[in-house]
2 protein chains.
Amino acid sequence: MRSKMQHTSIACAACRSQAKSLFNALNNGQLTNISESKSCTVYRKGQILFHEGTRPLGVFCINQGKVKIYKLGYDGKEQITTIAREGGLLGYKALIAEDTYSVSAETLEDCTICFLPKSSFLQTLQESSSFNERIMKQVCHELGVMTENLTNQAQRPVRERLAITLLKLRDTYGLDAHEDGPIEINLTRDDLANMVGTATETLIRLLHEFKKDEYITTKGRKIRIEDPTGLSQAANLY
Amino acid sequence: MRSKMQHTSIACAACRSQAKSLFNALNNGQLTNISESKSCTVYRKGQILFHEGTRPLGVFCINQGKVKIYKLGYDGKEQITTIAREGGLLGYKALIAEDTYSVSAETLEDCTICFLPKSSFLQTLQESSSFNERIMKQVCHELGVMTENLTNQAQRPVRERLAITLLKLRDTYGLDAHEDGPIEINLTRDDLANMVGTATETLIRLLHEFKKDEYITTKGRKIRIEDPTGLSQAANLY
DNA sequence: ACGAAAAATTGACTTTTGTCAGTTTTTTGC
DNA sequence: GCAAAAAACTGACAAAAGTCAATTTTTCGT
């Protein structure tokens with residue numbers, strides 16, 4: 001086993017992800033405050049940031065890498081709700097609701113992630129009304145998205161859900177902006193199945209169809225989207 | 001057709017629902033402010049309060065009656081996410097997110113519902129930090145609930161979802177507190193199917209099973225829960 | 001209470017999706 | 001780069017849930 005984690009140091013102001021994070025509602029002074037109270041850690045692939053049901057001690061901000069957010073069903077099956085990436089802020093909802101985590105978070109690759117303790121986060125939330133508004137808007141918006149996800153899960157066949165999921169993942173895996181090559185989705189079939197909400201075998205068979213239809217190509221586990229328009233049609237969007 | 005609606009007048013301070021509404025975070029002065037800027041309307045069964053995709057002009061607060069909240073799938077099928085009742089506040093998420101409604105709302109019975117215009121609501125949100133906190137907490141909490149709903153929808157068989165839905169509806173239909181008789185759920189089979197996320201025929205067959213198992217009895221459309229414990233077992237909760 | 005209209009119900013059948021078992025390929029840590 | 005482990009894949013089959021068509025019952029407005 002490789003070593004578990006190591007610490008590092010990154011100023012928020014210098015963080016490449018800062019601009020697209022919720023913290024972009026903060027002014028320089030506030031950002032400096034946060035920057036000074038946070039700590040920054042390098043995680044290996046497959047490490048857990050937090051577990052569903054435990055109490056939050058602060059929030060996580062992703063500087064680099066991807067993190068899967070999921071909830072466990074009763075037989076231990078994961079329902080993946082999001083893949084978070086650079087700039088993503090994790091764990092603040094449980095903190096605000098004064099509740100335990102309703103989901104778990106696990107790194108999908110080696111990641112650099114900052115941790116901001118509860119007190120600093122809540123203080124910032126109180127002191128900056130623009131940050132407060134930003135968060136409030138974000139949460140309200142997410143609720144709309146979740147409602148749509150639920151409706152899709154309840155009403156659409158697997159094939160459409162897969163097409164929709166692939167299109168979403170295109171965004172998630174898209175802005176690894178520095179690289180200029182085409183976009184490749186790098187998830188295990190299990191994880192993909194747990195996003196779509198289906199069995200792994202069913203997922204594989206549908207991927208096969210999409211390959212035959214030339215919407216995608218695969219190279220090992222990697223999926224490359226070749227024809228987003230075709231996928232949109234398969235998704236039967238309205 | 002009966003007449004569409006009529007206006008009435010109720011002071012928030014005198015509203016039986018106020019104590020359990022989000023407005024209970026307000027002090028007397030603030031409550032009076034709201035009370036003076038709202039209007040109150042009696043709706044007939046089956047009327048639409050707002051449509052998915054339109055822009056909110058304010059928020060609705062239910063004084064009396066039940067309202068179904070739903071999203072339309074692409075073939076026009078309703079996915080019902082909640083049944084709101086006395087004290088429920090509707091439409092504030094779209095307002096806060098500066099977005100269109102992500103769901104629609106329709107009365108399930110004759111209702112008395114107050115309308116508070118956008119400006120008053122947003123002003124109160126700005127001026128009362130306790131109200132702001134209250135809302136923020138509520139939304140964060142709802143997000144956790146939605147995640148659980150999504151997971152259930154994706155992973156549980158219809159039978160379990162129905163049991164869970166019936167148990168939830170027991171709460172919704174429960175606190176018609178003044179009546180002392182046992183709790184009866186009064187929804188069409190279609191609506192119930194659209195909550196559970198299944199076909200109406202499937203729903204009916206499962207209700208039949210639950211009757212045979214003596215978890216419930218029915219009288220016309222009305223469903224009475226006789227054995228919550230049995231239902232919990234059928235729900236396979238963990 | 002009456003009669004249309006809406007809703008509930010039933011049965012037969014189809015389709016979709018999941019499960020299981022086994023094989024092949026890829027990934028991973030050293 | 002190698003070997004073990006993990007993941008991906010395939011086929012046959014089973015189960016769950018949806019669809020369609022027809023009938024009965026309930027609800028609703030008058």
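## Reading the contacts, interfaces and strands

User: Leaving aside neighbours within four places in sequence, which residues is B:R189 in contact with?

Analyst: The residues are B:T200, B:L203, B:I204, B:L207, B:T218, B:G220, B:R221 and B:I223. This is a predicted model, so "contact" here means heavy atoms within 4.5 Å in that model. B:R189 itself lies in helix α6 (residues 189-196) of chain B.

User: What separates B:R189 from B:E148?

Analyst: Along the chain, 41 residues. In space, their C-alpha atoms are separated by 23 Å.

User: Two of those contacts, B:T218 and B:I223, come up again in the strands. What makes β11(B) and β12(B) a pair?

Analyst: The bar is at least two bridges, and β11(B) and strand β12 (residues 222-225) of chain B have four, so they count as paired. The sense is antiparallel. Within the pair, B:T218 stands opposite B:I223 in β12(B).

User: What is the strand order in that open sheet of chain B?

Analyst: The order is β10-β12-β11, three strands with antiparallel pairing. β10 (184-185) and β11 (216-219) of chain B have a single partner strand each, so they stand at the edges, and one side of each is left without a neighbour in the sheet.

User: Over in chain A, how do you know that β11(A) and β12(A) pair?

Analyst: Count bridges again: four of them join strand β11 (residues 216-219) of chain A to strand β12 (residues 222-225) of chain A, against a requirement of at least two, so the pair qualifies. The two strands run antiparallel, and A:K219 stands opposite A:K222 in β12(A).

User: How many residues lie between β11(A) and β12(A) in the hairpin?

Analyst: Two. In the turn, A:G220 has a positive phi of about 60 degrees.

User: Now the domains. Where does the domain assignment put domain 1 and domain 2 of chain A?

Analyst: Domain 1 covers 5-145 and domain 2 covers 156-235. Taken over C-alpha atoms, their centres are 26 Å apart.

User: How many residues of each domain of chain A are in contact with the other?

Analyst: It's 12 residues of domain 1 of chain A and 13 of domain 2 of chain A. Between them the two domains bury about 1,100 Å², 46% of it on carbon and sulfur atoms. On the domain 1 side, A:I80, A:I83 and A:R85 supply 41% of the area buried against domain 2, more than any other three residues.

User: Why is A:D191 with A:K68 called a salt bridge?

Analyst: The cut-off is 4 Å between a Lys or Arg side-chain nitrogen and an Asp or Glu carboxyl oxygen; the closest N and O atoms here are 2.9 Å apart, so the pair passes. The count between the two domains of chain A is one salt bridge. Their interface also has six residue pairs in polar contact. Strand β6 (residues 78-84) of chain A gives the most to the domain 1 side, with four residues. By class, that side has three nonpolar, one polar and eight charged residues.

User: What makes A:K66 and A:E86 a salt bridge?

Analyst: The N to O distance is 3.8 Å, which is within the 4 Å cut-off, so this pair counts too. The pair links distant parts of the chain: A:K66 sits in the loop between β4 (58-64) and β5 (67-72) of chain A, while A:E86 sits in the loop between β6 and β7 (89-90), 20 residues apart. Over all chains, the structure holds 24 salt bridges.

User: What about the two chains: how many residues of chain B are in contact with chain A?

Analyst: There are 43 residues of chain B in contact with 43 of chain A. The chains bury about 3,700 Å² between them, with 70% of that on carbon and sulfur atoms.

User: How do you know that A:E98 and B:K137 form a salt bridge?

Analyst: Their side chains meet at 2.3 Å, N to O, and the limit is 4 Å, so the label fits. The count between chain B and chain A is two salt bridges, along with four residue pairs in polar contact.

User: Which element gives the most to the side of chain B that touches chain A?

Analyst: α4(B), with 20 residues. By class, that side of chain B has 15 nonpolar, 15 polar and 13 charged residues.

Terms used
Residues are numbered from 1 along each chain as its sequence is written. Chains are lettered from A and ligands numbered from 1 in the order in which they are written. This is a predicted model: local features need pLDDT of at least 70, side-chain atom pairs count only at pLDDT 80 or more; totals for chains, interfaces and linings use all residues. Side-chain values use heavy atoms; hydrogens and water are left out. Domain bounds come from an automatic or database domain assignment. Buried area is the accessible area (1.4 Å probe) that two parts lose on being put together, summed over both. A polar contact is a pair of N or O atoms within 3.5 Å; within protein, one must be able to donate a hydrogen and the other to accept it, and residues adjacent in sequence count only if both atoms are side-chain atoms. Ala, Val, Leu, Ile, Met, Phe, Trp, Tyr, Cys and Pro count as nonpolar, Asp, Glu, Lys and Arg as charged, and the others, Gly among them, as polar.
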